[in-house]
Each structure stands twice: as structure tokens, then as C-alpha cells.
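Visitor: I should be grateful for a close look at one chain of this model. Please concentrate on how its interior and its domains are put together, and turn to the other chain afterwards.

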Amino acid sequence: MEKKIIELLCENARLSAAELAQRCGCSEEAVAAAIKSLEKQGIICGYTAILDDRALGENRVRALIEVKVTPKREGGFDEVARRIAKYPEVVDVMLISGGFDLLLTVEGTSLAKVAGFVSEKLATIDGVLSTSTGFILKKYKESGRMMQKDEEYERLKICF
Amino acid sequence: MNGSRSVSERFVADHISTLPKSGIRAFFDLVNTMDDVISLGVGEPDFTTPWSIRESGVYSLEHGHTSYTSNLGMPKLRKAICAYVEKHYGVEYDSATECIVTVGVSEAVDLALRAVINPGDEVLYSEPCYVSYPAEIRMAHGVPVPVTTRVENGFALDPAELESKITPRTKGLILNFPCNPTGAEMPLENLEKVAEIAKKHDILVLTDEIYSELSFEGGHRSISSLPGMKERCIFLHGFSKAFAMTGWRVGYACAPAPLTDAMMRIHQYAIMCAPTVAQEAALDALQNGEEAMLKMRDSYRERRDFFVAGLNAAGLKCLVPKGAFYAFPSVAATGLSSEEFARRLLEKERVAVVPGTAFGESGEGFVRCCYATGRDELEEALARIAGFLKSF
């Protein structure tokens, strides 16, 4: 049941306990208890909205930043990664295999603000060797959702 | 000849001009002129064909696979079909001689009937049923003989009732379970009795398995898998419902070689072969489509539970259908005929359902509601139906 609940919530976190119960074939109480336990265990860390912010009219700039790091003798990458993660500008931090170490998503209200964060804060952190910043120009898909729907396609209203 | 008929009308063959047009054509025309209708009137999935299958179609075109295939269909596809039928239905067919790919299962039904009916042969079918069966039997110069299925039997075919309709002219029987429009399944016990009757009276069984993947309680059995039945069965199936591929038009028939050969003779002259692009997409459906198909099936089951509970709560008595994506509630409580109910519901509440009489006389007193539509729309439709019922 937990697996099914997680699957359904990852698809749509706004499903009510009643809907989840129906779709998992168990009681509402059991669903509520399972969700509470998943939250308590830290398996579900939170719920957020997927935005297509083009229409929002706000200036939101996001960049993906590749960071090379010198691992610490004790604590490896974790210490630097945790430190970077503390900045509110930083949305995601992931340790990545391959040509660099950490991949960040950084958000700001303007290009200059993000650039300033990189040069003044991120790049000066002890252990950060180099950064490579790519600004996000357009989003097509996020968390399984297409940002642009296919054109409406008219189906028959009645058929057998 | 009727003197009032125009010159061109008089050219139409007798057995076609007497083919009954659906009496509820006017109702359907009305639905199609209205814009803000919530339609529970369709007979197809609300999903778009899974991307992997669509991509195979695109790939096929990109690579210029635009010529005919063999009459029976692409050998690769036939092999995959026979493996699929063996795995899921437990019947072994030889892909070289016992399988033919058709333009939807509709063509397969037409081929099968034309291949076996001599003029005047009677063909039995359970009713309420898919609209095409009686018409196709007539087009093949046969005589359609309905066997009524009843709500008190869960709309399963009653073997005794079937046997009472058998005459020396009975040639065949069409089965379609899970059933469009009732969503009924055949309990194994009934299916076994029907098989015994078919053997006893030497009847051929055409089994239309188009909804068989969408059987929610599990354990669907095809009559062709019962002992001694393969030789007297034509197994008809396709990709439309399970893989959400209605517009691709690809289906198939599996049957012993003499029957397949007879169907192939009609098919080769009338159709040549099913569209190549659709055959390649269908192959992908068998190779890669199972996960997506099971997900769609689960989604229909969830919506069934929700929608049928809603109908019953609103006061339309409805059995829990065991398969397909239709609910077939009774409208008897309103005192209206099926057609009157559907017309008033459409005009007053802008919800379209299909009058049960579209599926034969025995559909009177029922309407077919397709729940393969968005959950929000189903909720809204239920609210409107509940409102409508309050006026009775």
C-alpha cells in the first residue's frame, strides 16, 4: 500500500485521503496513517507545486550550476554540499557522477542577482574549485508534466 | 418495387435497403450539434495511444515502410500475436496459417461471418450487444437470432436460454465478454455449458475478445481455450480498447487453417492488407505496451468503482460491471423509456448517454454510460444526473 500511495502522490500530491483510499483499495484511516508515517520517517519531505511561470509575469531566473569541489578529509563532499544548500537562493543540490561533483539549481529575481550569488558567495566557499553556470531559457517538462499541452483534438461525442 | 423511390434509391440492394438504420439517429445528431455536453456516450478509451507505440508508427513512416504487407499481415506481427494469445488465453495458433491481421476487429467479425454463413443460416448472439452484430449477419445473408441476457443473471448468457433458440439452421454463435454495453463477464461455469452446447449442436463460436484485457476481477477465460473448442472457434481481437488504439484500425482473427484461409480469401480481394504503419505500431504495443496497458486498466477500474457507486447513490440502479469501460444502469425507476430518458437528460442537464435500445430491444429500460472520461467530468455528470432524478 505504501508503495502505491507514494506512486500516486508523486503523480498528484493533492489527491485527498478519500481518493487515495479508493485507488489503493483500503480505508481512509489507513491512508492517513500511512502518509503520517511516511512524513515522520522523512520519506515524504514536503509537497510543492509545479509551475509554468511564463504567464506569471514575475522575474524569476533559474540557473543550473556545475560545481567542482575538493572533498574534505573527513566528511567528503557532504560538508561543502550542506554548506551550499543552506543558501536560500539554492533550490536543489545533488552529488553527480562524471566530470563535476555537485549540480545546483539556483534561483534569483534577475540575471545579475544569480551571477552575483555565484561570484560573491558560491565561488568563494572554501573547497569550491570552479563553477560553470547555465541559465535556464525555457522549460518543456518538469516532474513528468509537459509545460505545453498538445493542441485540442476533437473526439466523437457518441460512438459505439 | 415501390414507385415512390428515386432512381438511385432503386439501385440499392434489397438486403441493404432493408438493413435497419439505428432508430436513435436523430438523438445522436442532436448530441453532435450541442457544444457544452458532458459525453458519457463514447465507445473508446480517453487515453491517447502510449508514446512508444505512436513513435513506432512515426519511425515506420520515417523509414519509408509504405508498401503493402502480405495479405495475412506482417509475419513478425502474426508471430507476436500468436505468442500473446498463447500466453494470455492459453490457445496455440500457428502464425503462418492460423492468424490474419485485419482493419480493426470490426473487419475480423465481418470476415468471419462472410466466410461461414450460407444464405439463410441462423447466427445467435447475446443481446444487448455491440450494434454491428445483427447488421453484419444480415449483410452476410444470414438470419440474426438474439438471445437475451438479463440483469438478474448479471447479463451473462444463460445456457438454457441459448439452447432454446437453436434450430437446425443454427450455424454460429457470437460471444462478446466482457460485454459492450453491459460490462458483463461470463462465469466459467456458464462458458463451459455454452461450449458443451456448441459441441452438441455442432455450432461455430465467434468470440469477440476486444475487451478481454479490461477484465477487472481477473481470470477472464476465452471459450476457445476450453477442451475441444479451438477447432470450432474463431478468436477475434484487436488493439483498440486495451492499447487505446481505436483510430489505428488494427485487429486480428485466429482460427484453424481452413477458417483462416476462407477469411483470407475475402480479405485479399476486399482489403489487401491492414495499413502497414498501423501493423508496425501494433507490434510495438505487443512488445512494449503491457505496462501502459495495465496502468490504463487500473485507471478504468478506479473510475468504475467511483462512478457506479455514484449512480447507485443517485438512484439509478446499476450492477457493478466486471469489465470494459461501460456502466449499464436501469432507468426503470423514472418510468421513462431509454430513449426518452437519454433525450431529457441531454436537453435538461447536457449529459449524453446512449439509450440501451441502441444495443437491441432487450436494452430497453437501460442506458449505457461510458466512464472512460475525466474524473472531474464524471463527478459533474453524476451531480447533474442526481439533480435530474430529483424531478421524478
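Guide: In this predicted model, buried residues account for 50% of the 392 residues of chain B. A compact globule with 392 residues would have a radius of gyration near 21 Å, and the value for chain B is 21 Å, so the two agree. Along the principal axes, the C-alpha atoms of chain B fill a box of roughly 60 × 50 × 50 Å. The chain contains 14 helices and 12 strands. Among contacts in chain B with a separation of 6 or more, 74% join residues 24 or more positions apart.

The domain assignment divides chain B into domain 1 (7–48 + 292–390) and domain 2 (51–288). Taken over C-alpha atoms, the centres of these two domains of chain B are 24 Å apart. Their contact draws 31 residues from domain 1 of chain B and 30 residues from domain 2 of chain B. On the side of domain 1 that touches domain 2, helix H12 (290–314) and strand E9 (326–327) of chain B each supply at least two residues. H12(B) gives the most to that side of domain 1, with 6 residues.

The interior may be considered next. The largest nonpolar core comprises 120 residues, and Ala112(B) and Ala253(B) are the ones that touch the most other members. Helix H6 (residues 104–116) of chain B makes the greatest contribution to this core, with 8 residues. Domain 1 (7–48 + 292–390) and domain 2 (51–288) of chain B both give residues to the core, which therefore lies between them. In soluble globular proteins, nonpolar side chains tend to be buried together. When neighbours within four places in sequence are left aside, the contacts of Ala112(B) are Leu206(B), Ile234(B), Leu236(B), Ala253(B) and Met263(B).

A second, separate core has 15 residues, including Ala63(A), Val69(A), Leu102(A) and Val118(A).

One further position in chain B deserves attention. Arg350(B) occupies the loop between helix H13 (338–349) and strand E10 (351–352) of chain B. Arg350(B) has 17 other C-beta atoms within 10 Å; since a residue is buried at 20 or more and exposed at 12 or fewer, Arg350(B) counts as partly exposed. Not counting residues up to four places away in sequence, Arg350(B) touches Met34(B), Asp36(B), Val37(B) and Ile38(B). From C-alpha to C-alpha, Arg350(B) and Pro181(B) are 21 Å apart in space, with their positions 169 residues apart in sequence.

Chain A, finally, offers a sheet. This open sheet of 4 strands follows the order E2-E3-E1-E4 (chain A), and its pairing is antiparallel. Strand E2 (90–95) and strand E4 (128–135) of chain A form the edges, each pairing on one side only. On average, and with direction ignored, neighbouring strands of the sheet are turned by 20° against each other. E2(A) and strand E3 (residues 102–108) of chain A run antiparallel and are joined by 5 bridges. Asp92(A) stands opposite Thr105(A) in E3(A). Two helices accompany these strands. Helix H4 (residues 78–85) of chain A lies across strand E1 (61–69), E2, E3 and E4 of chain A, and runs at about 165° to E2(A). Helix H5 (residues 111–121) of chain A also packs on the sheet, where it touches E1, E3 and E4 of chain A, and its direction makes about 140° with that of E3(A).

Technical notes. Residues are numbered from 1 along each chain as its sequence is written. Chains are lettered from A and ligands numbered from 1 in the order in which they are written. This is a predicted model: local features need pLDDT of at least 70, side-chain atom pairs count only at pLDDT 80 or more; totals for chains, interfaces and linings use all residues. A nonpolar core is a set of buried Ala, Val, Leu, Ile, Met, Phe, Trp, Tyr and Cys residues joined through C-beta atoms within 7 Å. Domain bounds come from an automatic or database domain assignment. Two residues are in contact if their C-beta atoms, placed from the backbone, lie within 7 Å. Two strands pair if DSSP finds at least two bridges between them. Axes are lines fitted to C-alpha atoms, for helices over the stretch in contact, and angles run from 0 to 180 degrees between N-to-C directions. The radius of gyration is taken over C-alpha atoms; the globule rule is 2.2 Å times the number of residues to the power 0.38.
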